[in-house]
Amino acid sequence: MSGRFGKLKTLIDGELVESASGQWLESVDPATEQVIGYVPLCDRADAERAIAAAQAAAPAWRDLGVAGRAAKLRELAARLLERSQELLDIEVADTGSTVGKMRGDVGHTIGSLEQYAGLGLEMKGETIPASVNHLHMTVRQPFGVVGRIVPFNHPLYFSLGGSAAPLMAGNTLVVKPPEQSPLSSAIMSEICRDVLPKGVMNVLNGVGAGIGDAIVRHPGVRRIAFIGSVPTGLAIQRAAAESAVKHLTLELGGKNPMIVFPDVDIDQAVTAAFQGMNFAWSGQSCGSTSRLLVHDSIYDDVVQRLAARIDAVKLGMPADPSSEMGPINSKAHYERVLRYIEYGKEDGATLMAGGVRPDGDDFARGYWVRPTLFGNVTPDMRIAKEEIFGPVLSALRWSNIDEALRIANGTEYGLTASIWTNDLKTALRTAQKVESGYIWVNGASSHHRGTPFGGLKNSGIGRDEGLEELLSYTEQKAIHIAL
Ligand code: NAP
C-alpha cells in the first residue's frame with residue numbers, strides 16, 4: 001500500500017488511530033484514477049468507542065463555558081490557517097475540484113469557526129411574564145453528542161466548518177467524512193487532537209450504510225446533522241426513528257431554477273447561468289442552478305451564447321490554477337452523470353454543448369466529461385426533474401410567469417433559486433412564489449455567511465450558516481422559580 005499521501009490515521013478518544021479491524025479505505029484521484037492514500041475503514045466497534053469517548057468528554061466541554069470554547073474554536077482556525085496549503089493540496093487531489101474554488105473551502109472553514117466563536121453569547125434564554133408569583137425563564141443547553149455525516153463535494157468545510165456551531169453550543173462530535181474524498185479528514189484529525197480536549201471530536205471514516213448507520217442508530221447520539229442526497233436523508237430519518245426520538249437537520253439535494261425574464265441584459269444572464277452551474281466543482285454543488293428557465297423571446301439568443309461559453313471551458317488538472325473544471329469526483333458518480341446525458345438524448349432534448357469525454361492525453365484516464373448544455377428541455381424529462389449533481393445544465397422555455405412558476409415549483413426539491421429581471425416588483429413577487437429556501441435576485445451561486453441556508457420541500461429540514469444553526473444545537477428548558 002502506498003499512494004502519494006500514504007496511510008493516514010483518524011481521531012478517536014484523543015488519539016490518532018487505525019481502525020479496530022485494521023482495514024483500510026483507499027482513496028482515488030479522480031483526475032488520474034491513481035490510488036493516492038488510505039484512511040482507516042471504521043466499523044461498529046470503532047463507532048462504540050468514539051461515541052463513548054464523546055459522551056465522556058461532553059460534561060467538561062459544556063462546562064468550559066462560552067469563552068473557553070470560543071478560544072478553542074479560534075485556535076482551531078489559527079491551526080487551519082497554518083496548514084492551509086497542505087489542506088488545499090490534499091483536498092484538490094482527493095475531490096478533483098479546482099484549486100481556486102477549493103481555496104475558498106479552506107477559507108470558509110476558518111470563517112465558520114471564527115463566526116461561531118463570536119456568537120456564543122447569542123445562545124440566550126428569556127424571561128416570560130406567565131404569572132405574578134414566579135420568575136419564568138428559559139435556558140439553552142447542548143444535546144450532548146452530535147453525529148455529523150457529510151457528502152463528498154466539500155469534505156473539509158462540511159466536516160470541520162460544519163462542526164463549529166455544535167462545538168460552540170457545547171456538544172461533542174462524531175463526524176463521518178465522505179467515503180470518496182476522506183483524506184483531508186486526517187489533517188483535521190491531527191489539528192483537533194492538538195487543540196481540543198480528548199474525546200470532544202472523533203472522526204469515523206468508512207461506508208455510509210455501515211458506519212453512518214451505526215452513528216444514526218446509536219442511542220448515545222441525540223442530534224444528527226446530515227448533508228447529502230434525498231434518498232439517504234430519508235433512510236437516516238427512518239433509521240433514527242427506529243432507534244429513538246432524535247433531532248435532525250437535513251441539508252439535501254436541489255434541482256434549482258434560474259428564471260430569466262425578457263428585460264435582462266443578455267450577456268449578464270449568460271454569465272449568471274454559467275456561474276450558477278459551479279463548473280469549477282464540476283457542477284457538484286447542491287445550490288447549482290441546473291434548470292435554466294428562459295423567456296421564449298430571448299431563449300434562443302441566451303442558449304446559443306451560453307453554449308459557446310460552455311464549449312470554451314478549459315478542462316484541466318484540478319491543481320492547475322488555469323483549469324476551469326476538473327473531473328467528476330468518483331467512478332460511480334461519473335457513470336451516473338453519463339447516464340443522465342444519455343437520458344437527455346433519449347428523452348428528446350437537444351445537446352447544445354459538451355456531453356462527451358474531452359480529447360487529449362491528459363484525459364486518457366480519470367472521470368472526465370465536458371460541461372454539458374441541453375436545450376429544448378421540457379418539464380417531464382428526467383434531466384428536468386431529477387438532481388444530476390454534475391456539469392449538466394437543462395434549458396427550458398416559458399412564455400408567461402404562471403408557466404415559469406409552475407415549471408420552477410414542479411419538482412420535489414426547493415433548495416435555491418435565481419431570478420433575473422430589472423423589475424423590482426416582478427423580482428419580489430417571483431421570490432415570494434418560488435418554493436425555494438435560498439433565493440438570489442440578479443445573482444447566483446454565492447453564499448452569504450450569517451444568512452440562513454437550507455431547503456424547502458424535499459431539500460431538507462433546518463437552516464445552516466447563521467444564528468439558527470447555532471441555536472439548533474441547543475435544547476430549551478423552562479425553569480419556574482416561585483417568588
Ligand atoms: P449521499 O450519497 O447521500 O452521501 C452523503 C453521506 O451520507 C456520505 O458520507 C455517505 O457515506 C453517507 N451515507 C450513505 N448512506 C448512509 C446511511 N444509510 N446512513 C448514514 N449515512 C449514510 O450524498 P453524496 O453523493 O455524497 O452527495 C451529494 C448529495 O449531497 C447531493 O444530493 C447534494 O445536493 C447534496 N448536498 C446538499 C447540500 C446542502 O447543503 N443542502 C450540500 C452539499 C451536498 P458514503 O460516503 O460512504 O456514501
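Helix H3 of this predicted model comprises the twelve residues 84-95. At 1.5 Å a residue, a helix of this length should span 16 Å, and the end C-alpha atoms of H3 are indeed 16 Å apart, so the expected and computed values agree. The buried residues of H3 are Leu 87, Leu 88, Ile 90, Glu 91, Val 92, Ala 93, Asp 94 and Thr 95. The elements that cover these buried residues include two strands, E3 (24-28) and E4 (35-40), together with the helices H2 (65-82), H4 (99-117), H5 (155-159) and H7 (184-195). After H3 comes Gly 96, which has a positive phi near 85°.

Two of the helices that cover H3, namely H2 and H4, also pack against each other, with axes that come within 8 Å. These axes cross at roughly 165°. Angles over 145 degrees count as roughly antiparallel, and H2 and H4 are therefore roughly antiparallel to each other. Their crossing is left-handed. On the side of H2, the contact is made by Ala 70, Leu 73, Arg 74, Leu 76, Ala 77, Leu 80 and Leu 81. On the side of H4, Thr 109, Ile 110, Leu 113, Glu 114, Tyr 116 and Ala 117 take part. In general, an α-helix has 3.6 residues a turn, so residues three or four places apart point the same way.

Gly 170 lies in the loop that joins helix H6 (164-168) to strand E8 (172-176). Its relative accessibility is 2%, and because buried means under 20%, Gly 170 counts as buried. When its neighbours within four places in sequence are left aside, Gly 170 is in contact with Ala 58, Trp 61, Arg 62, Arg 69 and Pro 142. One of these residues, Arg 69, falls within the range of helix H2 (65-82). A separation of 27 Å lies between the C-alpha atoms of Gly 170 and Arg 238, which stand 68 residues apart along the chain.

The cysteines were examined last. A disulfide is a covalent bond between the sulfur atoms of two cysteines. The structure holds zero disulfides. Cys 42 is in no disulfide, and the nearest cysteine sulfur, which belongs to Cys 192, is 15 Å away. Because a disulfide requires sulfur atoms within 2.5 Å, this distance does not qualify. Cys 42 is buried, with a relative accessible area of 5%. Cys 286, with a relative accessible area of 18%, is also buried, since the limit for this class is under 20%.

Technical notes. Residues numbered from 1 in each chain as written. Predicted model: local features only at pLDDT ≥ 70, side-chain atom pairs only at ≥ 80, totals over all residues. Heavy atoms only, no water. Buried < 20%, exposed > 50% of the residue type's maximum accessible area, 1.4 Å probe, protein only. Helix = DSSP H or I, 4+ residues; strand = E, 2+ residues; numbered from the N terminus. Expected span 1.5 Å × (residues − 1). Contact = heavy atoms within 4.5 Å. Axes fitted to C-alpha atoms, helices over the stretch in contact; angles between N-to-C directions. Parallel < 35°, antiparallel > 145°, perpendicular 65-115°, else oblique. Left-handed = near helix turned anticlockwise from the far one by under 90°.
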